[in-house]
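Student: Could you take me through one helix of this model up close, and then show me the chain it sits in?

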Amino acid sequence: MFSIFKNGIKNTKPDKQPISLSDLTKLIRNNPAADTINQIRQLRENGDQTYKESKRTLAYITPNCVLKKRSLTGDLDYNDNFLYFSGHIYFDFDVRNAIEFKQAIIQKYKHVVSLVCVSSGGGVYLFW
């Protein structure tokens with residue numbers, strides 16, 4: 001399970017119901033923001049830094065845990081905010097040729113990885 005935050009990075013309150021790995025996989029495969037994600041990837045590939053602002057509007061998750069609130073300011077004590085770990089180790093690879101890298105990871109580690117996907121910015125996310 002993961003906390004999911006809709007309506008962009010400025011939203012610090014997750015949905016009341018965490019998202020499961022299988023539901024996350026379905027969301028990635030049938031993403032309602034697919035057109036926006038493709039535009040973001042194209043902007044980044046072209047070296048256009050405006051992709052960063054568009055990326056800030058997308059939903060996001062906390063891949064390692066479930067939280068009450070996403071807070072980096074220290075206004076919440078760890079014990080008040082942290083609910084539980086997701087049970088996954090998460091890696092974010094910023095690589096060229098993300099599709100090829102993704103396929104190589106799947107080929108080599110398919111027996112142990114839970115999810116490998118291309119991120120909105122064109123990198124590769126790996127859930128172990």
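**A close look at helix H2**

Tutor: Let's begin with the chain's surface: about 8500 Å² is exposed, and carbon and sulfur atoms supply 51% of that. Keep in mind that this is a predicted model.

Now zoom in on helix H2, which covers residues 34–45. How far apart should its ends be? With twelve residues at 1.5 Å a residue, H2 should span 16 Å, and its end C-alpha atoms are indeed 16 Å apart, so the two values agree. Just past the helix, look for Gly-47: Gly-47 follows H2 and has a positive phi, near 80°.

Next, zoom out to see where H2 belongs. The chain has five helices and seven strands. Going along the sequence, they come in the order β-α-α-α-β-β-α-β-β-α-β-β. The radius of gyration of the chain is 15 Å, close to the 14 Å that the globule rule gives for 128 residues, so the chain is as compact as a globular protein of that length. If you drew a box around the C-alpha atoms along the principal axes, it would be roughly 40 × 40 × 25 Å.

What about the inside? Buried residues make up 32% of the 128 in the chain. Take the contacts with a separation of 6 or more: 55% of them join residues 24 or more positions apart.

Last, the charges: the chain carries 18 positive and 12 negative ones, and the mean positions of the two sets lie 3 Å apart.

Key
Residues numbered from 1 in each chain as written. Predicted model: local features only at pLDDT ≥ 70, side-chain atom pairs only at ≥ 80, totals over all residues. Heavy atoms only, no water. Helix = DSSP H or I, 4+ residues; strand = E, 2+ residues; numbered from the N terminus. Rg over C-alpha atoms; globule rule 2.2 N^0.38 Å. Buried < 20%, exposed > 50% of the residue type's maximum accessible area, 1.4 Å probe, protein only. Contact = heavy atoms within 4.5 Å. Areas by Shrake-Rupley, 256 points an atom, 1.4 Å probe, with all protein chains shown as cover. Lys, Arg positive; Asp, Glu negative; His and termini not counted. Charge placed at Lys NZ, Arg CZ, Asp CG, Glu CD. Expected span 1.5 Å × (residues − 1).
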